[in-house]
Structure formats: structure tokens, C-alpha cells
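Let's take a friendly walk through this protein, from its surface to its interior. Keep the 3D view open and find each residue as it comes up.

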Amino acid sequence: MKVDGHGLKLTSRVPLALPPQMESWVSRSGLSSLQRTSLNKIDTNLVSAFVKRWHLETSSFHMLFGVMSITLDDVSCLLHLPIRGIFWSPQDVTEEHRAASSWAIATRAYLLMLVGSTIFADKTFTLVDARYLLLCKQLGGYPTLLECWIHEYFPTVGKRWENWKPTDNCGLPRAMRWSYRQGVLKVDDLRPILDELTPADVIWRPFEDHIAWRLFDKICLYRGCLKWGETVIPYLPDRCLRQFGYRQYVPSPPLDCMMATDIDVEWISYHQSVIAVIGPSTLATTPSDVEDGYLEWYYCVSHPRLVPPHRDDPREVPVPVYDVGPSDPDWARVSTLIHRYLRQVNAEEEDPQFADLFEALHISRSH
């Protein structure tokens with residue numbers, strides 16, 4: 001798999017100040033924030049390690065402790081893209097469109113550079129509807145979204161640099177918080193690291209301090225299909241409820257988007273699916289809260305371990321049992337970092353040399 005980013009292209013080819021009319025078009029498209037949120041470099045091994053856990057039929061990552069996904073709320077907070085409106089459908093290009101003025105052609109070329117696509121070569125489109133490109137193009141077309149998503153949810157995985165603290169961002173897209181730092185880990189090195197992650201290693205709701213600039217929109221809990229032209233993918237928030245602050249239950253079977261016919265109607269009437277998604281659940285008491293039986297079901301329907309067991313080993317994969325862990329995300333991160341260090345040095349709780357660290361670990365886990 002080849003991971004390709006477009007951040008350097010934007011930096012080298014796109015002027016800081018666009019012509020006024022072009023700037024107006026870009027602003028009305030809803031894509032203007034992409035001018036500043038593309039990472040110049042992508043950690044291709046980190047992105048590849050997560051993509052190997054991607055399941056196309058559910059649009060989600062299968063981790064050992066359950067399902068996680070890139071949600072509409074992630075798109076809104078990381079890239080500051082609008083997540084409401086109508087889906088885009090292509091129209092045939094006419095001779096009148098082909099004779100468009102040079103500035104209109106330049107604007108379209110600029111938007112294509114932002115989204116990294118050539119699919120518009122023989123189609124015309126409404127700029128207002130172009131905003132939905134990133135929602136429906138999946139992982140390969142926009143690796144910045146995936147890598148920044150990893151940095152937000154998995155603070156102990158991969159190397160990165162924080163350009164500013166979330167509390168000091170003055171309403172800027174959260175993707176601008178991160179920049180890539182060259183790492184040395186290959187995909188095979190990252191696999192066991194991902195396998196060792198527990199629910200306490202995850203910041204389940206990373207955008208709580210960003211609400212002042214991007215309010216949570218209930219449309220993020222819409223369950224159905226997202227559409228961009230002829231591309232249709234499932235969007236299933238009932239499989240990653242912990243990212244919304246709810247207890248995870250055993251979800252409904254995935255949708256067959258090939259059979260979906262009323263996507264636009266279902267999207268407009270999203271309130272009905274929101275009720276269906278959160279109705280069976282309750283607010284989580286701890287960030288990683290799940291209902292009894294969820295992990296047992298999950299290990300029956302999924303294969304969260306990427307490396308198959310030895311042929312002489314039993315095929316059944318034991319379901320892990322996790323500690324509840326801290327309810328506060330900051331304390332959870334402290335707990336994770338202390339625990340990881342103690343494990344790396346093979347520390348024993350009876351060893352007086354590590355007594356203070358084990359006490360700090362117990363204190364952090366009690367919050």
C-alpha cells in the first residue's frame with residue numbers, strides 16, 4: 001500500500017494570498033481550512049499499521065478492545081469542515097462549462113490539489129457540495145485526517161510534535177496542533193505495540209476542550225450511508241459509542257450500502273436514526289465502559305489479532321479482561337505512561353526501588 005500526502009504540494013505550489021474571486025469560491029466551498037491543516041510529512045508506517053485494522057464493511061478499525069472509527073465529529077474538530085448539507089451527485093459537463101473562464105478553472109484545480117483527486121476530470125460539481133469529498137473518500141485519499149486522528153486518540157503511539165496546546169489554539173482546526181516527527185518503527189514493529197494497547201491507553205473523547213469552537217452536532221450519531229457521487233460507504237456510530245460518551249453495546253449488523261436507495265432522505269431525517277443509536281445505551285460511567293457480553297460477541301465476529309496463532313495452538317482467542325482504569329483522560333494518560341515504563345524495565349511491585357512509581361500508578365488509577 002502506498003500512502004501519499006499532499007501537504008508539501010500545498011506549501012510549494014499554492015500562494016499564501018489567492019486572487020479575491022478564487023478566495024471567495026474556496027471560502028464558500030467550506031474547504032478553506034484544508035489550506036492549513038495538511039501535514040507536510042506523513043508517518044507512512046503508522047498509517048499503514050492502522051489501515052491494516054480497517055474493515056471496509058463497517059468503516060471502522062478493529063482493535064483488541066473493540067471497534068473505533070473516524071466519526072463526523074472527528075472531521076468537524078480536526079479539519080473544521082462542515083458536516084451538514086446535501087450529498088453531491090455528478091452532472092454531465094456541457095460545452096458551456098468547458099468554456100468557463102480561466103479563474104474558474106484555476107479554482108477547480110486548486111480544490112483538486114486540496115483533496116488530492118482527479119475524479120472531476122470529466123465532471124462538473126457544485127463547490128458547496130464538494131465539502132463532502134473527505135467524508136466519503138475513505139482513508140487513502142486524505143492521510144492527514146487519519147494520522148491526526150491517531151495522535152488525538154492514542155497519545156502513546158507514534159512520534160509527533162505539538163505545535164500548540166489545545167487550550168491556546170484560538171479556535172484553529174485541531175489538525176494544526178500536530179506535526180510529524182521522523183520515527184524508526186516499521187509496520188511489523190508497530191503491530192505488537194497496537195496489540196498491547198488497552199482501553200486506558202485511549203483518550204476516548206479528545207475534543208472536550210474544543211467545544212467552544214466546534215459544538216457537538218447530533219448528526220454525528222446518524223446511522224446510515226454517506227454518499228459522494230457514485231461512492232457510498234457505511235457510517236455506523238453504534239459501533240463506536242465510547243467515542244461519544246456512551247456505553248458500548250452489541251450493535252446491529254452492518255448495512256448493505258449496495259442495496260441502499262433512500263440515502264438522501266435518511267440523511268435529512270437523521271433524528272430517527274439518532275434515537276435508534278443512543279436509545280439502547282446509557283451514558284458511560286468510565287470512558288471505556290461496555291455492556292456485559294460485548295467483548296465476547298466482538299471476539300466471535302472479528303479477528304482483532306492480525307498475526308494468526310501457531311497451527312498447534314487452539315483457534316479460540318481468549319477475550320481480554322481490562323481494568324476499569326481512571327475516568328479522567330489526563331489521569332488515564334498518566335497511568336498509561338507509568339505502567340508502560342514499569343513494564344519496560346520489568347519492575348516488580350515488591351522492589352523498593354520502584355515503590356514510589358507503583359504508588360503513583362495506584363493513585364492515578366483511582367481517579
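## A nonpolar patch on the surface

In this predicted model, Trp 331, Val 334 and Ile 363 come together on the surface as a nonpolar patch. Their accessible area adds up to about 230 Å². To find Trp 331, look in helix α14, which covers residues 329-344. Trp 331 has a relative accessibility of 31%, so it counts as partly exposed.

## Glu 152 and its neighbours

Now turn to helix α9, made of residues 143-153, where you will find Glu 152. Is Glu 152 buried or exposed? Its relative accessibility is 3%, so Glu 152 counts as buried.

Which residues does Glu 152 meet, once neighbours within four places in sequence are set aside? Its contacts are Leu 78, Arg 174, Arg 177, Trp 178, Ile 203, Pro 206 and Phe 207. With Arg 177 there is also a polar contact, side chain to side chain, at 3.4 Å.

## Arg 174, a buried arginine

Arg 174 was on that list of contacts of Glu 152. Arg 174 sits in the loop between β6 (160-162) and β7 (178-180). With a relative accessibility of 1%, Arg 174 counts as buried.

What polar partners can you find for the side chain of Arg 174? One is the side chain of Asp 209, in a polar contact of 2.8 Å. Another is the backbone oxygen of Pro 206, which lies 3.1 Å from a polar atom of the Arg 174 side chain. Leaving out residues up to four places away in sequence, Arg 174 also touches others, including Cys 77, Leu 78, Trp 164, Asn 169 and His 210. Try tracing the chain from Arg 174 to Val 75: they are 99 residues apart along the chain, and their C-alpha atoms are separated by 9.7 Å.

## Helix α5, wrapped up inside

Val 75 is one of the buried residues of α5, and so are Cys 77 and Leu 78. How many of the residues of α5 are buried? The count is 8 of 8, so this helix is largely enclosed by the rest of the structure. The buried residues of α5 include Asp 73 and Asp 74 as well as Leu 72 and Leu 79.

Just after α5 comes His 80, which takes a positive phi of about 55 degrees.

## Aromatic pairs

How many aromatic pairs does the structure hold? There are 15. One of them joins Phe 87 and Trp 267 in a tilted arrangement, with 5.0 Å from centre to centre and 40 degrees between the planes. Phe 87 lies in the loop between α5 (72-79) and β4 (91-92), while Trp 267 belongs to helix α11 (residues 263-268), so the pair ties together parts that are 180 residues apart in sequence. Phe 87 is buried, with a relative accessible area of 5%, and Trp 267 is buried too, at 4%.

Trp 149 and Tyr 153 make another pair: their ring centres are 5.1 Å apart and their planes meet at 40 degrees, so this pair is tilted. Both residues are buried. They are 4 residues apart in helix α9, which means about one helical turn separates them. An α-helix has 3.6 residues a turn, so residues three or four places apart point the same way.

## An aromatic cluster

Finally, look for the wider group around that pair. Trp 149 and Tyr 153 belong to one aromatic cluster with Phe 50, Trp 54, Phe 61, Phe 154 and Phe 207. You have met Phe 207 before: it is among the contacts of Glu 152, and Arg 174 touches Phe 207 as well.

Key:
Residues are numbered from 1 along each chain as its sequence is written. This is a predicted model: local features need pLDDT of at least 70, side-chain atom pairs count only at pLDDT 80 or more; totals for chains, interfaces and linings use all residues. Side-chain values use heavy atoms; hydrogens and water are left out. Patches are made of residues with over 30% relative accessible area and no salt bridge: like charges are joined within 9 Å, nonpolar side chains (Val, Leu, Ile, Met, Phe, Trp, Tyr) within 5 Å. Accessible areas come from the Shrake-Rupley method with a 1.4 Å probe; for residues, only the protein chains shown count as cover. A salt bridge is a side-chain nitrogen of Lys or Arg within 4 Å of a carboxyl oxygen of Asp or Glu. Helices (H or I, at least four residues) and strands (E, at least two) are DSSP runs, numbered from the N terminus. Buried means under 20% relative accessible area, exposed over 50%, partly exposed in between (1.4 Å probe, protein chains only). A polar contact is a pair of N or O atoms within 3.5 Å; within protein, one must be able to donate a hydrogen and the other to accept it, and residues adjacent in sequence count only if both atoms are side-chain atoms. Contact means heavy atoms within 4.5 Å. Rings of Phe, Tyr and Trp (its six-membered ring) pair if their centres lie within 6.5 Å; planes under 30 degrees apart count as stacked, over 60 as edge-to-face and the rest as tilted.
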